Amino acid sequence: MRTKFTSLILFFICFYPPSDLLAQQSWFKLDTLTSVSAGGVKMTNPWGGGLNASQYLKMHLNNDADEDLVVYDRTNSKVTTFLAGPDPVNAGKKTFIHAPYYETLFPQVDNWMILADYNGDGLKDLFASTSLGIVVYQQVKTANAWSWKLVRDVLYTKGFSGNINMQVSGTDIPAITDIDDDGDLDLLTFDFSGSYIELHQNLSIEKFGVRDSLGTQASPVFQRNGDCWGNFHKGDAEDFVVGVDCGVVTDPSNREAAPARILHAGNSILLHDLNGDGAKDLLAGHVSNEHISFLPNSVKGIIANFTGFTNSYPATDPVLMHIFPAAFYEDVDFDGAKDLLIAPSIPANDINLTDFKSSGWYYHNEGTSDKPNFKLVRKNFLQDQMIDVGENAAPTFFDIDGDGDLDMLIGTSGMPVTGGYKGGLWFLKNNGTVAAPDFSIESQDYLQLLSKLSVYNIKPQWADFNGDGVADLGFAATATSNLKLEYRYIPNKGTTGAAAQLNLADAVTIALPAELQTGDSPYFYDADGDGDLDLLIGKTQGNIYYYTNTGTNKQYTFKLETDSFSGVGINFAGRFSQVAVTDFDLDGKPDLATVDHTGTIRVFNNADWGKWTDRASSIVSVNGQPGNVNFGNYLSLAVADLNGDKKPDVAIGNNAGGVRLLTNILPVSVTGVEPGHEAEVKVFPNPSVAFFKIYSSKTGTFDVLTAGGVRMVRNRLIRAEEVQQISTAQWPGGLYLVEFNVGNSRVVRKVVVGD
């Protein structure tokens, strides 16, 4: 196969590290500062990454007096961390500021997590779901730093028929709290039927006089107490039956044996005194319920007695969600009283009826923590301060308005609207400069895809699909009618450097290979240098297909070259792979970047097309050192020079509907100066402003491409000894590739455009 870059001699003005050193350094750093506005107001955390099914928790992340906020997203299997600090918009007030460094300190968690201090050292520890039941990490602090230490990979309890691991189903959220007020943490969860709460009482204080014991398999400190807890069970629909004798006793040590029960999925428990009588009341959520159920408790201590229930809670603006609302209780407005937070506790969008743009209900507490008075403030807590398009954000960049800087489009998975679940495009206009972008959300239905098409899971890409030298807007989508993967492009009838002229009515369908399926991710790129776009497919099974286009830009004909491109085969951990191509390390050759279900970005580099042996993964700066960052699930990639430093940066979209920005920090820059080398072709001046000139000693043709692969000039003739001038006055500043076809040889030169 012919490679696109086969002849390139460059002199780098600053140190360019060889490949073995590249593996030892960071390629990117996280960008949390680039501004985004909505409705004329700057967002506090635009690049926070979005939220879907949130679990709201608090702990001290740094060393100030305020507890900070930790949010675990069930659909994204990811922790997002926020520091309490001064509100940049409202002087004198506090807010939560996205602090991604602390996310890297958390272990990988699935389903649910709870922060609670089990050993009484004043530091909250981490309880989380595993296939074995419950894993426990102790928070360990050294000087001003803290970390998690695995202390139990499973917790055991003394059941009615022996010692068993304490199984809490992944789709439940248990309660870990001191129910008998003796100083140690007890655990409560629903049973297999979803009807009864089980109490696993912690006897650490009773047995040892201290609260820091978690027990062992041979000698558990937890013990099942009673057939149920609270003297109630769940009835049909959203009803509860009270007055049941659960048989809970003050001292469970002499309890007679009874059959153990297998635990069940689909319930959430919040226990707190919510009416000021000193007894812990219950807020219960259930997978089949739309409401939060409030059950008041009439008895303090271990033997609870719930005497009634209501499904209209709070009394004013009660909770109403499509499915499985779960309750969380934390002070999120810094007034000392805990507030009520509600979010759906679901791993995915059940029959696509949940609007994940607005899935975090925040009730301000105008009373006290133990006698609250809740007032609904908003239904998009934290989400209103970040880019959150709902689900499966897929970003791409292009100078849409022709003002010389890069704007942003974000494809969406969809949202429930009249006519079903439909996706669209968000348009973020760049009001800043090439070097300092400043985005504003201009439209949540660019080109009216949402209202005019019945598709979802939209993944856009700018490329010259029809071969006219101007980048067009392409997008993959799933049709709601037949659930088939489709691809369309909208021809850009504008000119190079001018505002895009797009009309959805002009959309052209590209027939994708028949073997592709819903969830696959197409990416178009001219890999063989023949002037038309070839096709890479990130597969749901984790492998990468590579097709060459044996037809033309007018008639696409795809030939499968490999179903495991560059050795990336089927793998469960790396499923739902997505790709992007550009020269990340600026060595003159295209590199491949991938993201997948592992949450990690990787770059394949340091070889010709498809022959990469270097696969860098620890490439994001974490506290100044190269490391891995978990970006979540169902990721997508976009590549562009976002800060005018002539190096390709990255935007990563995720399942939670958000976008994260990564700035390229490789220590390399390009001058294009070639001292002592008599080139067959020349590009000058370099860097250039407004124009550059091209000289060739032989007759041939040339193309000009952006670093992201968009062709600005296509197949233009240049005669031997001729000098041609190319106007760049309307081009975005950045790195461009001038590709010559001279006889049977291919020559590439780099040129930097801009001040």
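**Exercise 1. Work out how accessible lysine 124 is, and what its side chain pairs with.**

Solution. Start with the accessibility: lysine 124 has a relative accessible area of 22%, so it is partly exposed. The cut-offs here are under 20% relative accessible area for buried, over 50% for exposed, and partly exposed in between, with a 1.4 Å probe and protein chains only.

Next, look for a partner. The side chain of lysine 124 meets that of glutamate 67 in a salt bridge, 3.2 Å from N to O. (A salt bridge needs a side-chain nitrogen of Lys or Arg within 4 Å of a carboxyl oxygen of Asp or Glu.) Glutamate 67 is partly exposed too, at 26% relative accessibility.

Then place the two on the chain. Lysine 124 sits in the loop between β8 (110–116) and β9 (125–130), and glutamate 67 in the loop between β4 (54–59) and β5 (68–73), so the pair ties together parts that are 57 residues apart in sequence. Strands are DSSP runs of E with at least two residues, helices are runs of H or I with at least four, and both are numbered from the N terminus.

One caveat before going on: this is a predicted model, where local features need pLDDT of at least 70 and side-chain atom pairs count only at pLDDT 80 or more, while totals for chains, interfaces and linings use all residues. Residues are numbered from 1 along each chain as its sequence is written, and side-chain values use heavy atoms, leaving out hydrogens and water.

**Exercise 2. Decide which parts of the model deserve caution.**

Solution. pLDDT is the predictor's confidence in each residue, from 0 to 100. The protein chain averages 90, and 93% of the residues score at least 70. Over residues 1–18 the pLDDT is below 50, and this stretch has 66 contacts in the model beyond near neighbours in sequence. (A contact is heavy atoms within 4.5 Å.) Residues 671–679 also fall below 50, with 16 such contacts. Where pLDDT is low, don't read the predicted coordinates in detail.

**Exercise 3. Are arginine 224 and glutamate 198 buried or exposed, and what links them?**

Solution. Take the accessibilities in turn: arginine 224 comes out at 5%, which counts as buried, and glutamate 198 is buried at 1%. Now the link: they form a salt bridge, with the closest N and O atoms 3.3 Å apart. Arginine 224 belongs to strand β17 (residues 222–224) and glutamate 198 to strand β16 (residues 197–202), so this pair ties together parts that are 26 residues apart in sequence.

For another buried pair, try lysine 539 and aspartate 520. Their side chains meet in a salt bridge at 2.7 Å, N to O. Lysine 539 is in the loop between β38 (534–538) and β39 (544–549), and aspartate 520 in the loop between β36 (508–509) and β37 (521–525), 19 residues apart.

Finally, check for shared partners: Lys78, Glu103 and Arg660 join into one network this way. The structure holds 19 salt bridges.

**Exercise 4. Find the disulfide and give its handedness.**

Solution. There is one disulfide in the structure; the test is a pair of cysteine sulfur atoms within 2.5 Å. Cysteine 228 and cysteine 246 pass, with sulfur atoms 1.8 Å apart. The torsion about their S-S bond is about -100°, so the disulfide is left-handed. Both cysteines are buried.

**Exercise 5. Describe the surroundings of asparagine 275.**

Solution. First, locate asparagine 275: the loop between β20 and β21 (281–286). At 30% relative accessibility, it counts as partly exposed. Leaving out residues up to four places away in sequence, asparagine 275 touches Asp281, Pro296, Asp370 and Lys371. Its C-alpha is 9.5 Å from that of serine 369, though the two are 94 residues apart in sequence.

**Exercise 6. Which residues have the most contacts inside the largest nonpolar core?**

Solution. Such a core is a set of buried Ala, Val, Leu, Ile, Met, Phe, Trp, Tyr and Cys residues joined through side-chain atoms within 4.5 Å. The largest has 40 residues, and Leu536, Leu592, Ile601, Trp609 and Ile652 have the most contacts inside it. Among the elements giving two or more residues to this core are β41 (578–582), β45 (620–622), β47 (636–640) and β48 (649–653). A second, separate core has 39 residues, including Ile458, Val683, Phe692 and Val713.
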